[in-house]
Amino acid sequence: LRKKLAEMRALGLTPIPKLNFSTCHDTWLGDYSRCVSSKIYYRVCSDIIAEVCELFDKPALFHLGMDEENQPNQQFYAYSVCRQMELWWHDLYFLAEQAEKGGARPWIWSDYVWDNHDVFYAKMPKSILQSNWYYDDNLNPEDPEVKAYAQLEEHRYDQVPTASNFAGQTRNLQKTVELCTRVIHPDRLFGFMQTPWRPTQEEFRAIHMDAIEQVARARAWYEGTRR
């Protein structure tokens, strides 16, 4: 892994670790995904984050995931776990602290704010980088998911807005760039993410290449508006 990270850096890439600790996406934890919020769970998560930070030579950022931890997103799971209220916040703070101990700024998905508006803005530290996401080609500014971009800005959170082409979207990224460059102050706009949500395997090459081409088009649009 160290060799692969060195190869990426030699290509001019900056590798950033991302391990999703949401109970909706933590199958990678194996048996420990069924020990959530226990003593052994905290020990395992702490060890993993510390090891990853060491492997990545103290990365500037560490994406902790934390999205879609609710019943609707787990209704077809044979084993469903959802932390709520103070327990969700306790575990978020714990994971963020572990990333910070490793020299990294914690980073999460922001969809918790969609259904927990008031408590989110009362409890979410500004030190945690936010990635709200919306994956439709038509960004209706009145949709709660889209409105969150402007609301996060109103509350002065740093953001990395996120788009996708996973379901054949062709303009979601550029529309996201157009919207967010209008509503987010440049000092708090840390960039954009494009998320194909497909494995890096040959059968998905076309989707990945399309995602890259959409980045190029969005970047060309952005640079054209700055001329």
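These questions and answers look at the nonpolar core and the salt bridges of a predicted model.

Local features in this predicted model need pLDDT of at least 70 and side-chain atom pairs count only at pLDDT 80 or more, while totals for chains, interfaces and linings use all residues. Residues are numbered from 1 along each chain as its sequence is written, and side-chain values use heavy atoms, with hydrogens and water left out.

Visitor: Which element gives the most residues to the largest nonpolar core?
Guide: A nonpolar core is a set of buried Ala, Val, Leu, Ile, Met, Phe, Trp, Tyr and Cys residues joined through side-chain atoms within 4.5 Å, where buried means under 20% relative accessible area, exposed over 50% and partly exposed in between, with a 1.4 Å probe and protein chains only. The largest core has 35 residues, of which F21, F62, F120 and M124 touch the most other members. Helices (H or I, at least four residues) and strands (E, at least two) are DSSP runs numbered from the N terminus, and those giving two or more residues to this core include β1 (61-65) and α2 (39-55). With eight residues, the element that gives the most is α2.

Visitor: How many residues apart in sequence are the parts that R2 and D57 tie together?
Guide: A salt bridge is a side-chain nitrogen of Lys or Arg within 4 Å of a carboxyl oxygen of Asp or Glu, and R2 forms one with D57, their closest N and O atoms being 3.5 Å apart. Because R2 lies in helix α1 (residues 2-10) and D57 in the loop between α2 and β1, the pair ties together parts whose separation in sequence is 55 residues.

Visitor: Is D158, which meets R105 in a salt bridge, buried or exposed?
Guide: The side chains of D158 and R105 meet at 2.8 Å, N to O. The relative accessible area of D158 is 14%, so D158 is buried.
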